[in-house]
Amino acid sequence: METYYYSQFNHAVVHVALFDDVTNSAAIRSRIIQAARIIGVDGDTEREAINFAFIDARLISSLLHLQTAIYQALLSEAQGQLRTKTIHSEILWALNPTNNITEAIRRYGVSDASTTLIVIRVDVSNIPDVQRRMCDIVQGSMVTFEALKQMTDWSTIKKHYKLDAEPALKEVQGEQDREHAIVNNIIVSSVAMKNVMA
Amino acid sequence: MSPTQQLLQSADLISQGAEAAIYKAYLRQLPTSGQAKNVGSDSPCHEVLEPVLLKYRFHKRYRHPSLDTSLTRQRIAGESRALMRCMKSGVNVPGIRMVDVNEGVLGIEWIEGKSVRQLLPGGAELEDIDELEEMDEVEDTDATDALVEYGVSRDALMDMIGVEIAKMHSSDVIHGDLTTSNMMLKEKTRDLILIDFGLAYYSTLVEDKAVDLYVLERAFASTHPDSEPLFSGVLAAYEKRMGKNWVPIKRRLDDVRLRGRKRSMVG
């Protein structure tokens with residue numbers, strides 16, 4: 001699990017974990033949907049239990065990609081300019097090239113078919129048992145981010161960002177490593193500059 | 001204090017221009033020993049924190065405040081879009097890492113290396129705040145040694161410059177401030193990187209591309225001794241890369257050269 005510290009955002013602590021061989025994606029997803037409906041104290045408890053960002057790892061090209069989305073989300077929150085309800089949903093919004101929140105959650109969030117998940121928790125201080133809480137929700141094996149390389153679905157990423165015809169990629173066609181580095185650079189930069197893209 | 005202001009406070013000031021101040025910063029911090037207590041054993045501190053370059057377009061008091069905000073916003077957007085255009089076209093430029101339009105800060109990928117100005121003779125001058133503090137004797141041989149150290153010949157360097165500018169112009173991006181200070185040789189990969197797209201814009205006009213090249217020609221001449229062979233090396237590589245589009249640009253460049261200051265148009 002990775003942990004990031006940001007003193008400039010009121011000493012926020014961000015925990016990021018990667019899960020492989022996830023078997024209960026459908027259950028997690030319905031849990032999230034249900035939690036929004038339960039009213040009262042029980043609802044609050046359930047909502048807090050799953051208060052994480054669940055991201056399908058297939059669409060993440062690198063840790064930098066994730067870090068950039070997290071930073072932009074933290075920035076929006078600090079400036080009172082969240083586009084979605086929570087910091088966790090904001091990270092999902094930041095990852096998507098368009099402004100459509102539903103699309104962002106549908107594309108980048110946990111789907112019934114997800115077998116690899118990234119779980120993120122943003123907090124104001126170091127929570128002692130984040131790892132346990134994550135493992136309680138996700139049925140799968142927590143792995144290091146070295147494994148992310150094998151999980152990335154580059155063709156879907158290129159499709160979402162409409163990069164199939166770009167000159168930069170035509171130049172390095174055939175050299176997979178270089179092509180992935182270029183795509184990674186483009187989408188990291190896109191996430192960072194989303195607010196000024198239009 | 002806003003988060004970005006806090007970030008700037010902890011950053012190292014590298015240089016200050018009329019429009020912006022440049023800093024080296026880290027977007028996040030390593031845990032202090034107090035925080036590390038709760039970190040699990042499988043959380044390695046292996047990751048070296050990557051620095052970023054912060055371009056801070058500070059508030060200009062001589063401008064009307066709403067104009068200032070609007071202009072700064074436009075400039076950041078313009079610079080980001082030019083960089084993105086270049087990235088998609090295969091031009092070597094730094095990536096974008098963070099954008100805060102409200103505070104006027106653009107975070108760019110940190111490029112470790114030297115500028116082409118520093119690598120060529122005549123260019124190793126006292127231009128940075130760091131260098132001003134050193135006040136050592138600077139000789140031309142220092143510059144040549146740096147290039148040798150990088151293992152790149154002067155001809156190869158000019159070739160790379162020509163190719164990158166050609167790629168950029170082919171995607172109709174005009175740099176607007178082409179000088180040897182705005183080109184860097186990346187230490188790790190020996191790639192030539194074009195930087196500082198603050199004055200960049202989109203244009204299909206041959207005139208704009210010719211002027212872009214002319215600005216570089218003048219920059220070469222005014223900064224580096226015996227620059228003519230250097231610049232013709234750049235143009236040769238540019239021509240080769242541009243193909244048939246070179247002809248109209250060359251013609252325009254000749255016209256532009258004839259304009260300029262102290263050039264008599266009297267036949």
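Glu171(A) forms a salt bridge with Arg241(B), and the closest N and O atoms of the pair are 2.6 Å apart. This comes from a predicted model, so please read what follows in that light.

## Where the two chains meet

That pair is a good place to start, since the rule finds one salt bridge across the interface of chain A and chain B. Polar contacts between chain A and chain B add up to 13 residue pairs, both partners being at pLDDT 80 or more. On the side of chain A that touches chain B, the elements giving two or more residues are β1, α3 (63–78), α9, α10 and α11 (194–197) of chain A. Helix α3(A) provides the largest share of that side, with seven residues.

How many residues does each chain bring to the contact? Chain A brings 35 residues, and chain B brings 35 residues too. About 3,100 Å² is buried between chain A and chain B, and carbon and sulfur atoms give 51% of this area. Three residues deserve a look on your screen: Tyr5(A), Gln8(A) and Val196(A) supply 22% of the area that chain A buries against chain B, more than any other three residues.

## A sheet in chain B and a helix from chain A

Turning to chain B, you will find an open sheet of five strands in the order β1-β2-β3-β5-β4, with antiparallel pairing. Its edge strands are β1 (12–16) and β4 (96–100) of chain B, each of which pairs on one side only. Neighbouring strands in this sheet are turned by 20° against each other on average, with direction ignored. In general, strands of a sheet pair through backbone hydrogen bonds, either parallel or antiparallel.

Within the sheet, strand β2 (residues 21–25) of chain B runs antiparallel to strand β3 (residues 52–56) of chain B, and five bridges join the two. Ala21(B) stands opposite Tyr56(B) in β3(B).

Which helix of chain A lies across β4 and β5 (105–109) of chain B? Helix α10 (residues 176–192) of chain A does, running at about 5° to β4(B).

## Two loop residues with positive phi

Chain A also has two residues other than glycine with a positive phi, listed here with their places.

| Residue | Phi | Loop in chain A |
|---|---|---|
| His11(A) | near 55° | between β1 (2–6) and β2 (12–20) |
| Lys162(A) | near 55° | between α8 (154–160) and α9 (167–171) |

Is Lys162(A) buried or exposed? Lys162(A) counts as exposed because its relative accessibility is 67%, over the 50% cut-off.

Key. Residues are numbered from 1 along each chain as its sequence is written. Chains are lettered from A and ligands numbered from 1 in the order in which they are written. This is a predicted model: local features need pLDDT of at least 70, side-chain atom pairs count only at pLDDT 80 or more; totals for chains, interfaces and linings use all residues. Side-chain values use heavy atoms; hydrogens and water are left out. Two strands pair if DSSP finds at least two bridges between them. Helices (H or I, at least four residues) and strands (E, at least two) are DSSP runs, numbered from the N terminus. Axes are lines fitted to C-alpha atoms, for helices over the stretch in contact, and angles run from 0 to 180 degrees between N-to-C directions. Contact means heavy atoms within 4.5 Å. Buried means under 20% relative accessible area, exposed over 50%, partly exposed in between (1.4 Å probe, protein chains only). Buried area is the accessible area (1.4 Å probe) that two parts lose on being put together, summed over both. A salt bridge is a side-chain nitrogen of Lys or Arg within 4 Å of a carboxyl oxygen of Asp or Glu. A polar contact is a pair of N or O atoms within 3.5 Å; within protein, one must be able to donate a hydrogen and the other to accept it, and residues adjacent in sequence count only if both atoms are side-chain atoms.
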